[in-house]
Amino acid sequence: MWKPLNLTPAEPYRIKVVEPVRLLPRDERLRRIREAHYNVFYLRSRDIYIDLLTDSGTSAMSASQMAALMMGDESYAGAESFYHLLESVREVMGFPYVLPTHQGRGAENVAFRTLLKKGDIVPGNGHFDTTRAHIVDKGGVPLDLPIPEALDPEVMHPFKGNIDLKGLENLLSSREGDRVPLVLMTITNNTYGGHPVSMDNIRRASEIAREYGKLFLMDVARFAENAWLIKERDPAYRDVSIREIVREMMSYADAVLFSAKKDALVNIGGFIALRDKELYERMARFLILHEGFPTYGGLAGRDLEAMAVGLREVLDETYLSWRIGQVRYLWSRLVENGIPVVKPYGGHAVYIDALKFLPHIPQSMFPADTLAAELYVEAGVRGVGLGSLAFAEVDRETGKVRYPKTEYMRLAIPRRVYTNLHMDWVAEGLRRLMERRDEVRGLRLVYPSMDTPLRHFIARLKPVEG
Ligand code: F0G
């Protein structure tokens, strides 16, 4: 049985450039969160001490990536930088065709515009919010089929990111199966806790998709972290290199969608990588319309260069062992402090169960977002609520609100940016907040209405009185 390790290696880098951050006094933080309508998306980054809003686009680039920026070929068509990226994708992932996009959601838009028609169902292990929104935008129906363990924060399952294979097979063999053009597997599974997907689960899901004649796509935003967690948790892969694990994972997919802002260690970028020439050509037409010419896809040549380097760098096992070690470090400190975290740790973030942290606040008062606002006041740390404010659904006919099964606050850790002393500060802030949690009040939504899609980004909230 796999058990979490307890060894945290030191940073496998030294710091060449620094960016000052400051901790505002508490009364200032209170003022800033009030001005931000208790929504951390409205905070200015200069007012934040440690920013764990997202691991996306927030990585520190390496000296090699910075050097590569200078090699950017800014030609509109046929830029050398595109060919550098193509070589890198072929080497790391093994796909012959690549369409660059400005970021992950650009890839989603182009792929789903090409592949979906109204009424299509898209099953997966857990669609990310932009993925879901792009499927809906094309008239499709996103369907999450996580394994039941994924919904229980207490269960110590090594691969909680897995798809429910039985559920997938039942869907594809039913009458509804005709409405499914593709299966989309997201690795790691950001929506249900950043947990990895096992190799067996990827392989079986792809076999099932193939059996029923469906395309098998993967969203590989955090592919290297998934590969590391396979190595860590599946004894069959203990002695297999990350490069080989990545190549095997990719070998099961017809095409992948990629937000390079995560595991390509860059601040912007993405791509679609494919095996099939005909599909590549169909997508390229939409790419020109929405993103740009197929050799730049909405990016500068310098961005393509940084991506090409980052894709190879992220495979470094010393880096990955430290990276996951830092996530595990924060997770372990929180467990020690009695904070209700989602178990076990995943690849890019620590998720806190807001329903357990603030048991006196009902989901109608947004406990996850309340926790995020309070953590900012307590410690100058920014996390993000992933609960009822983001995911509750309003029934069109009855007007009744359906609350999500999970109510988490996510602390996503940017890559190569913070040290473990920063992590200690976060853990201490949560410990202090836990001590005074009884005095924390929930929030109510002032703007916009509960049925507005992606409302959490723009929501204005107020503390509940009394
Ligand atoms: N897929 C996954 C699994 C993601 O986590 C994200 C973004 C996207 C696609 C979209 O990519 O932002 O480059 O357009 N996740 C970020 C987050 C925003 O904070 O989890 P993008």
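I take contact to mean heavy atoms within 4.5 Å, and angles to run from 0 to 180 degrees between N-to-C directions. With that settled, I opened the model, which is a predicted one.

**Entry 1: a helix over the sheet**

I began with helix 12, residues 317-336, and found that this helix lies across strand 9 and strand 14. Its direction makes an angle of about 25° with strand 9.

Next I looked up the sheet those strands belong to. It is an open sheet of three strands, in the order 9-14-11, and the pairing is antiparallel. Which strands stand at the edges? I found strand 9 (349-353) and strand 11 (384-386) there; each has a single partner strand, so one side of each is left without a neighbour in the sheet. I also noted the twist: on average, neighbouring strands of this sheet are turned by 30° against each other, direction ignored.

Then I checked one pairing in detail. Strand 14 covers residues 408-412 and pairs with strand 11 over three bridges, in the antiparallel sense. One residue I wrote down for later was arginine 410 of strand 14, the bridge partner of valine 384.

**Entry 2: the ligand**

Arginine 410 turned up again when I moved to the ligand: one of its polar side-chain atoms lies 2.8 Å from a ligand oxygen atom. How much of the ligand's accessible area does the protein cover? On its own the ligand has 470 Å², and the protein covers 93% of that.

I went on to the other polar contacts. Arginine 105 has a polar side-chain atom 2.6 Å from an oxygen atom of the ligand. For lysine 262, I read 3.0 Å between an N or O atom of the side chain and a nitrogen atom of the ligand.

Which residues come nearest to the ligand? Out of 16 around it, they are Thr54, Arg105, Asp219, Ser259 and Lys262. I sorted the shell by class and got eight polar residues, seven charged and one nonpolar. Helix 4 (residues 104-115) gives the most to this shell, with three residues.

**Entry 3: backbone oddities**

Before listing these, I reminded myself that most peptide bonds are trans and that most residues other than glycine have a negative phi.

- I found a cis peptide bond from isoleucine 187 to threonine 188, with omega near -10°. Threonine 188 sits in the loop between strand 5 (182-186) and helix 7 (199-211).
- I found another cis bond from tyrosine 447 to proline 448, with omega near -15°. The loop between strand 15 (443-447) and strand 16 (460-463) holds proline 448.
- I noted a positive phi, near 60°, for tyrosine 38. This tyrosine 38 is in the loop between helix 1 (26-35) and strand 1 (50-51).

How values were computed: Residues numbered from 1 in each chain as written. Predicted model: local features only at pLDDT ≥ 70, side-chain atom pairs only at ≥ 80, totals over all residues. Heavy atoms only, no water. Near = heavy atom within 4 Å. Polar contact = N/O pair within 3.5 Å; in protein donor to acceptor, adjacent residues only side chain to side chain. Areas by Shrake-Rupley, 256 points an atom, 1.4 Å probe, with all protein chains shown as cover. Helix = DSSP H or I, 4+ residues; strand = E, 2+ residues; numbered from the N terminus. Nonpolar A, V, L, I, M, F, W, Y, C, P; charged D, E, K, R; others polar. Pairing = 2+ DSSP bridges.
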